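Me: I would like a close look at a single part of this model, with the terms explained as they come up. Please take one helix and show how it sits among its surroundings.

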Amino acid sequence: MRELRIAAVADIHLGEDLRGHYRKKIEGIERRADVLLVGGDLTRHGTIAEGRVVAEELSGLPIPVVAVLGNHDYHSDRNQEIIALLRDAGIVVLDDESTVVPIDGVRLGVAGGKGFGGGFAGKCASEFGEPETKAFVRHTKEIAERWRRALKDLDADHRVVLSHYSPVKDTLMGEPPEIYPFLGSYMLAEAADAEGADLFIHGHAHAGTEKGVTPGGIRVRNVALPVIKHAYTVYCLNGDHC
């Protein structure tokens, strides 16, 4: 079984003024990678016009593209329409679910979605108190449970979790600690650790750090564009650069 090459990026924040720019930067990606994973914040404000630009930039590539949305993609409340638009363009968009990408006889399973916040062990919000606080934590808990089920049902040779929000605080180092609860949650890591995965890809933390690891030993990579400083980066399943 050959080594898979996973291209990954997040936080590309495309707008109408960037039409055609990102596509030029990923020309020839098929010579370096077998699949492209995009970890959310595809747009700036989540408008349909911006969604169309994303579809144009990412559709028709010689390799499969799997994406999730980020918080920016929800801003205009058109997230479901953007998902439909991207799927119509042949892009696989995960919304707390999974897919299997066949690559030269190898089945790569990808599970995940946007994710959400709440913080990390010892310094996290709890489902207690005001209805708004309970709803915040419950939202992440429900997402994590859907990811756990998606991973459990995934029949694949290898498994990657794709998210916008982070599962660990390791990859948030560089961001102000005060905003960690709004950048990720330990519950996302618990879901991945419970069912197992080879790699966890996320974005969102523009001032964060590239590398981390879940308590269960899954390698985590923050691929936010300002962190990786390239149109994409390429990993092997062990989290090393290919």
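Reply: A residue is called buried when its relative accessible area is under 20%, exposed when that area is over 50%, and partly exposed in between, using a 1.4 Å probe and protein chains only. Helices (H or I, at least four residues) and strands (E, at least two) are DSSP runs, numbered from the N terminus. The model is a predicted one, in which local features need pLDDT of at least 70 and side-chain atom pairs count only at pLDDT 80 or more, while totals for chains, interfaces and linings use all residues. Residues are numbered from 1 along each chain as its sequence is written, and side-chain values use heavy atoms, with hydrogens and water left out.

The part chosen here is helix H2, residues 48–58; eight of its 11 residues are buried, so the helix is largely enclosed by the rest of the structure. Those buried residues are Ile48, Glu50, Gly51, Val53, Val54, Ala55, Glu57 and Leu58. Their cover, judged by contact (heavy atoms within 4.5 Å), includes helix H1 (21–25), strand S2 (35–39), strand S3 (65–68) and helix H3 (79–88). Just after H2, glycine 60 takes a positive phi of about 75°.

Two of these covering elements, S2 and S3, run parallel and are joined by four bridges, where strands count as paired if DSSP finds at least two bridges between them. Within this pair, valine 38 stands opposite alanine 67 in S3. Both strands belong to an open sheet of five strands with mixed pairing, in the order S4-S3-S2-S1-S13. Its edges are strand S4 (92–93) and strand S13 (233–235), each of which pairs on one side only.
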